[in-house]
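Student: I would like to go through the terms used for this model and see how each follows from its definition.

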Amino acid sequence: MIRVKIYKDKNGYIRRYSISGHSNYAEYGFDIVCAGVSALSQTALISLVEVCDIEEKSIKYKIDDKTGFLDVRLSKDIQILKLEKSQILLKSLVIGIESIIKNYPDYINLEYRRCSHD
């Protein structure tokens with residue numbers, strides 16, 4: 001099962017997302033659930049830099065393709081305008097994940113948590 005965790009700060013801003021596991025919906029290379037989640041999550045990471053103009057040094061991330069792990073954290077000191085811009089993108093990520101859950105509820109789990117640096 002793919003586990004998606006969305007972390008929000010005390011003001012409701014998404015500051016981190018973490019994705020782990022494999023759906024096991026289909027054989028490797030043919031798993032549309034994993035492919036969909038992977039495309040959404042990696043596009044969000046790239047777009048934080050290219051669309052939201054957040055400097056790469058302000059984004060901490062870890063990727064492990066073998067285990068299906070991606071963890072993305074926004075720095076606490078991001079300018080408020082860039083943080084607000086990032087929310088449109090990160091909320092779109094959540095909407096995409098929720099859409100996959102509607103169609104494949106047995107293969108993906110979404111949960112919300114509070115950021116630890118509040």
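The exchange below takes the chain as a whole, then one residue.

Tutor: This is a predicted model, in which local features need pLDDT of at least 70, side-chain atom pairs count only at pLDDT 80 or more, and totals for chains, interfaces and linings use all residues. Residues are numbered from 1 along each chain as its sequence is written, and side-chain values use heavy atoms, without hydrogens and water.

Student: What makes a stretch of the protein chain a helix or a strand?

Tutor: Helices are DSSP runs of H or I with at least four residues, and strands are runs of E with at least two, numbered from the N terminus. The protein chain has 2 helices and 5 strands, in the order β-β-α-β-β-α-β from the N terminus.

Student: How do you know that the radius of gyration agrees with a compact globule?

Tutor: The rule, for C-alpha atoms, is 2.2 Å times the number of residues to the power 0.38. For 118 residues this gives a value near 13 Å, and the protein chain has 14 Å, so the two agree. The C-alpha trace spans about 40 × 25 × 20 Å along its principal axes.

Student: Why is S58 called buried?

Tutor: Buried means under 20% relative accessible area, exposed over 50%, and partly exposed in between (1.4 Å probe, protein chains only). S58 has 15% relative accessibility, so S58 counts as buried. Of the 118 residues of the protein chain, 37% count as buried.

Student: Where is S58, and which residues is S58 in contact with, leaving aside neighbours within four places in sequence?

Tutor: S58 lies in the loop between α1 (32-50) and β3 (59-64). Contact means heavy atoms within 4.5 Å; with those neighbours left aside, S58 is in contact with R73, L74, S75 and I78.
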